[in-house]
Amino acid sequence: MRVTEHYSLTASVEFVDVHVDRDNRLYVDPSAIRFWAKSGDRWALGAYQSISAFFDTLLNRLWSTSASENQSAREMLWQFHEPRETRLGMSAVGFDGSGTSKKIGDAIWKSLADNPLCTLRVPILKRLEDIPLFVPDIANDRVSDLTTRLIFSDLARFTAEQMSKHPELQQGAREDEYQVWDRNSGAWGKQAMTLPCVEQDRSAKGRPLLLVPKIATHRNLRMSHGKYWQGEILGSIQDDLTTFINGKPVAPRKEDLKKRDEYQARRPLNTQRTREVWDRDNVNLLEVYRERVDRNYEPLTDDEIDQRLA
């Protein structure tokens with residue numbers, strides 16, 4: 001049952017009309033939020049500020065010579081318990097489970113601490129959406145969970161606006177405390193919020209519902225390690241291996257490069273090659289990729305969202 005059906009809403013809605021009783025195969029995508037923030041959308045601007053503030057604080061503590069600041073950076077990444085309130089993603093591979101959020105947080109922390117792209121004087125790896133390109137086992141579901149947790153307050157404000165526009169959503173709403181990232185204090189904390197609650201069983205306590213703007217979602221992450229490897233990384237290698245015969249450039253085919261053993265380890269190659277090109281040519285391949293992603297971005301239509309949720 002969808003949100004609009006459960007609450008008998010007849011007007012069009014700005015939020016993803018999820019099934020309230022199961023997971024939905026859409027993801028909160030930070031690069032989509034970045035795109036709309038650059039386009040001037042008010043909600044996306046605030047949400048992306050929350051994401052950016054977290055990552056800026058994390059990197060500053062990671063770079064610090066203070067052991068306590070380094071540990072604080074590590075602990076910042078332990079707090080990503082799966083946000084089930086949105087009903088988005090596939091919970092089987094999320095962050096829930098004993099020690100899972102700490103384990104994943106430590107993996108991200110170590111990968112960032114060891115990655116030279118984070119420690120350059122002008123860091124290249126500096127955004128949440130960059131992580132899947134370089135860190136193993138971090139893809140759609142986990143980045144969606146990370147992003148949702150960071151923008152929880154922004155989503156709660158959006159939900160409150162929707163409750164004002166559609167008073168039916170207020171039926172059964174309940175106040176509770178939720179884990180949030182406070183970009184002003186640079187710390188995790190608790191915040192009291194009133195969210196719609198969906199009763200799936202008359203004998204059970206209703207499950208809170210956090211509404212998500214359609215513009216914040218996509219069928220998968222727009223930025224991925226495979227697309228970066230195939231596009232910018234192999235493309236730069238292709239350029240280096242291009243020769244000239246009778247004045248005409250002859251480049252190796254990407255299909256042939258993909259088969260070579262030295263190019264098989266995608267994420268390590270992503271890091272190595274990005275650093276090499278930056279040091280040699282002062283060209284930021286990651287920024288080139290971000291621009292390509294933004295240039296080719298197409299938001300999902302309402303019909304595409306419905307098909308995805310069917």
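A residue counts as buried when its relative accessible area is under 20%. Arg2, at 15% relative accessibility, therefore falls in the buried class. The structure described here is a predicted model. The protein chain contains 14 helices and eight strands, and 51% of its 310 residues are buried. The points below take up the overall form, the salt bridges, the cysteines, the nonpolar core, helix H13 and Gly46.

**Overall form**

- Along the principal axes, the C-alpha atoms of the protein chain occupy a box of roughly 75 × 50 × 35 Å.
- The radius of gyration of the protein chain is 21 Å, which agrees with the value near 19 Å that a compact globule of 310 residues would have.
- Among contacts between residues at least 6 apart in sequence, 71% join residues at least 24 apart.

**Salt bridges around Arg2**

- The count of salt bridges in the structure comes to 25.
- One of them pairs Asp17 with Arg2, where the closest N and O atoms are 3.9 Å apart. Asp17 belongs to the loop between helix H1 (3-6) and strand S1 (27-28), and Arg2 to the segment before H1, so this pair ties together parts that are 15 residues apart in sequence.
- Asp17 has a relative accessible area of 14%; this value is under 20%, so Asp17 is buried. Its partner Arg2 is buried as well, at 15% relative accessibility.
- Arg2 also meets the side chain of Asp306 in a salt bridge, with an N to O distance of 3.4 Å. Because Asp306 lies in helix H14 (residues 302-309) and Arg2 in the segment before H1, the pair ties together parts that are 304 residues apart in sequence.
- Asp306 is partly exposed, with a relative accessible area of 36%.

**Other salt bridges**

- Asp302 and Lys214 form a salt bridge through their side chains, at 3.0 Å from N to O. This pair links distant parts of the chain, since Asp302 is in helix H14 and Lys214 is in the loop between strand S5 (207-208) and strand S6 (217-218), 88 residues apart.
- Both partners count as partly exposed: Asp302 has 44% relative accessibility, and Lys214 has 23%.
- Asp240, Arg273, Glu276, Arg280 and Asp281 are joined into one network by salt bridges that share partners.

**Cysteines**

- The structure holds zero disulfides.
- Cys118 is buried, at 0% relative accessibility. Cys197 is likewise buried, at 6%.

**The largest nonpolar core**

- The largest nonpolar core has 83 residues, and the members that touch the most other members are Val3, Ile33, Trp43, Phe54 and Ile108.
- Helix H3 (residues 42-63) gives the most to this core, contributing 10 residues.
- Leaving aside residues up to four places away in sequence, Ile108 touches Leu77, Ile131, Val135, Ile138 and Leu146.

**Helix H13**

- Helix H13 spans residues 285-295, and its buried residues are Leu285, Leu286, Tyr289, Arg290, Val293 and Asp294.
- An α-helix has 3.6 residues a turn, so residues three or four places apart point the same way.
- The elements that cover the buried residues of H13 include helix H2 (30-38), helix H7 (131-134), helix H10 (225-240) and helix H12 (266-281).
- At the N-terminal end of H13, Asn284 acts as a cap: one of its side-chain oxygens lies 3.0 Å from the backbone nitrogen of Leu286.

**Gly46 in helix H3**

- Gly46 lies in helix H3 and counts as buried, at 15% relative accessibility.
- Apart from residues up to four places away in sequence, Gly46 touches Asp154 and Arg183.
- Gly46 and Pro30 are separated by 16 residues in sequence and by 12 Å in space, C-alpha to C-alpha.

Note on methods. Residues numbered from 1 in each chain as written. Predicted model: local features only at pLDDT ≥ 70, side-chain atom pairs only at ≥ 80, totals over all residues. Heavy atoms only, no water. Salt bridge = Lys/Arg side-chain N within 4 Å of Asp/Glu carboxyl O. Helix = DSSP H or I, 4+ residues; strand = E, 2+ residues; numbered from the N terminus. Buried < 20%, exposed > 50% of the residue type's maximum accessible area, 1.4 Å probe, protein only. Disulfide = S-S within 2.5 Å. Contact = heavy atoms within 4.5 Å. Polar contact = N/O pair within 3.5 Å; in protein donor to acceptor, adjacent residues only side chain to side chain. Core = buried A, V, L, I, M, F, W, Y, C linked by side-chain atoms within 4.5 Å. Rg over C-alpha atoms; globule rule 2.2 N^0.38 Å.
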